[in-house]
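Reader: I am new to this structure. Please take me through it in questions and answers.

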Amino acid sequence: HHLFVIRKYVFAVSNNGCVVKSDPYEVIVHKRPIIESKEDKYSTCKDSEIEIGVTCDQSDVTYTWSPQNGVLSADGSSMTVNTATMPLSVGIYDYTITAVNNITGCTTRTPATMSVTINGLPTVVAVNPNPTVICIGNSVTVSATLDELYTVASPIEYTWSWTEKGVDKVETTTVNQLTFTPSETVAVSVSARDKNGCESEKPFDFVVTVNEKPDFTLSKVDGCDGGQLSIICEAGTGLDLSYEVSPVGIAPIGTLAGDVYTVNLTNQSLVSVVTYEYSVRAVDNVTGCEDTRIVAVDVHPLPNVTLSSDKATLKYCIGEEITFTATATNVQYCWDGSMTNWVDNNTFTKSVSNSETFVVYVKDKNTGCVNSASLTYEVNALPDVVVTPETITICEGENTMLSVTDNVNYTYAWNT
């Protein structure tokens with residue numbers, strides 16, 4: 001490019017028709033420097049640095065920036081601006097730049113102009129809910145709130161990060177919410193980045209506390225047909241738990257008293273084991289966390305037993321002995337009604353004194369279920385016999401007569 005133009009001029013002077021021309025002389029016309037902004041618009045984020053600059057069609061020029069609020073490059077064609085030092089943290093700054101050729105002294109006819117937009121940072125200032133407390137196995141949705149002074153430049157991208165079970169995890173969302181299911185208490189950091197590339201100066205930190213399910217154990221007492229079954233709930237050390245027990249399917253309903261659930265069973269004449277299931281829900285009264293378990297309880301049939309005696313007529317005399325025989329399988333016997341003296345002997349002999357109903361109890365050796373059988377027998381008094389005369393004397397070969405007190409219900413047998 002030619003930075004100057006040489007023009008030649010000749011002056012002519014006339015007087016009364018006489019013309020005198022001067023010697024030719026030259027006029028050198030230097031071009032003015034032309035400068036342009038490297039970019040039409042500049043944009044940056046708050047508290048960052050940005051380099052702005054111009055280009056010039058000439059070299060060896062000196063630039064003048066207005067305002068000059070940054071650090072100029074060696075040739076002055078660019079300036080690095082630290083937005084943190086600007087009077088306005090967010091806004092638009094206009095710049096005017098002129099140039100002068102250091103040799104010719106010519107300046108730009110039209111200054112270059114540019115604008116720098118300083119964008120705000122999408123800073124997360126709160127998370128809701130916070131503090132966040134959940135029970136293990138549950139999901140939680142947390143929402144981030146940006147600084148109210150920030151002018152939203154959508155779309156905004158949120159980055160959520162945390163460490164769980166020793167593994168670093170990162171989730172990116174295009175909305176201000178995160179739904180996740182942590183398996184332990186975690187510290188979460190969230191930051192935001194907008195379409196301008198501006199991001200949070202520092203992340204917002206919060207904690208999601210994950211409470212464990214309540215620790216409890218269940219024990220059961222199996223039932224016998226027509227008897228009672230129970231479920232015992234026991235809380236872990238130091239826990240304050242409440243329980244709720246619900247029958248599953250056809251299981252009969254019981255009552256809960258404290259930590260014990262009791263079912264009174266009706267007699268169904270069972271011939272085999274019946275299993276009932278119950279759902280036990282435990283709630284931690286401190287954390288509100290809960291857990292539900294199923295427990296199965298068996299109801300056993302009663303042992304079959306029959307009772308017989310050594311006389312089919314079941315009629316005995318006072319003082320006579322009676323022998324009972326109980327017939328059952330895999331049981332022990334209680335002959336005295338105490339329910340404590342259990343023996344393996346299935347026979348029992350006793351002396352009778354009055355009519356009564358005798359009961360034998362049997363207990364299944366495996367299930368502990370107890371059943372009974374009874375037998376009613378009759379005891380009759382001994383006959384009261386009076387022989388008269390009490391003493392009699394006769395001679396050999398003579399006859400005599402003996403008599404007894406008459407009772408129409410008696411039969412007599414005379415022995416000589």
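Reader: What pLDDT does the chain average, and in which strand is confidence highest?

Author: This is a predicted model, in which local features need pLDDT of at least 70 and side-chain atom pairs count only at pLDDT 80 or more, while totals for chains, interfaces and linings use all residues. Residues are numbered from 1 along each chain as its sequence is written, and side-chain values use heavy atoms, with hydrogens and water left out. The chain average of pLDDT (the predictor's confidence in each residue, from 0 to 100) is 91, and 97% of the residues score at least 70. Among strands (DSSP runs of E, at least two residues, numbered from the N terminus), confidence is lowest in S1 (residues 4–9), at a mean of 71, and highest, at 98, in S32 (residues 331–334).

Reader: Which strands stand at the edges of the open sheet of four strands?

Author: Strands pair if DSSP finds at least two bridges between them. The order in this sheet is S30-S35-S34-S32, with mixed pairing. One side of each edge strand is left without a neighbour in the sheet, because each has a single partner strand; the two are S30 (315–317) and S32.

Reader: Which residue in S34 stands opposite Cys334?

Author: S32 and S34 (residues 356–364) run antiparallel and are joined by four bridges. Opposite Cys334 in S34 stands Tyr361.

Reader: Which side chains of S26 are buried?

Author: In a regular strand the side chains alternate between the two faces of the sheet. Along S26 (residues 260–264), Val260, Thr262 and Asn264 point to one face and are not buried (under 20% relative accessible area, 1.4 Å probe, protein chains only). The side chains that point to the other face and are buried belong to Tyr261 and Val263.

Reader: Which residue in the turn of the hairpin of S25 and S26 has a positive phi?

Author: S25 (residues 255–257) pairs with S26 in the antiparallel sense over three bridges, and Ala257 has Val260 as its bridge partner. Two residues lie between the strands of this hairpin, and the one with a positive phi, of about 70°, is Gly258.

Reader: What is the volume of the largest pocket?

Author: A pocket is an open set of points on a 1 Å grid over the protein atoms alone, where a 1.4 Å probe fits, with protein on both sides within 12 Å along at least five of seven lines; lining residues have an atom within 4 Å of a point. Of the 17 residues that line the largest pocket, the closest to its centre include Val90, Gly120 and Tyr150. Its volume, the space filled by probe spheres set on grid points joined across faces, edges and corners, is about 270 Å³.

Terms used:
Buried means under 20% relative accessible area, exposed over 50%, partly exposed in between (1.4 Å probe, protein chains only).
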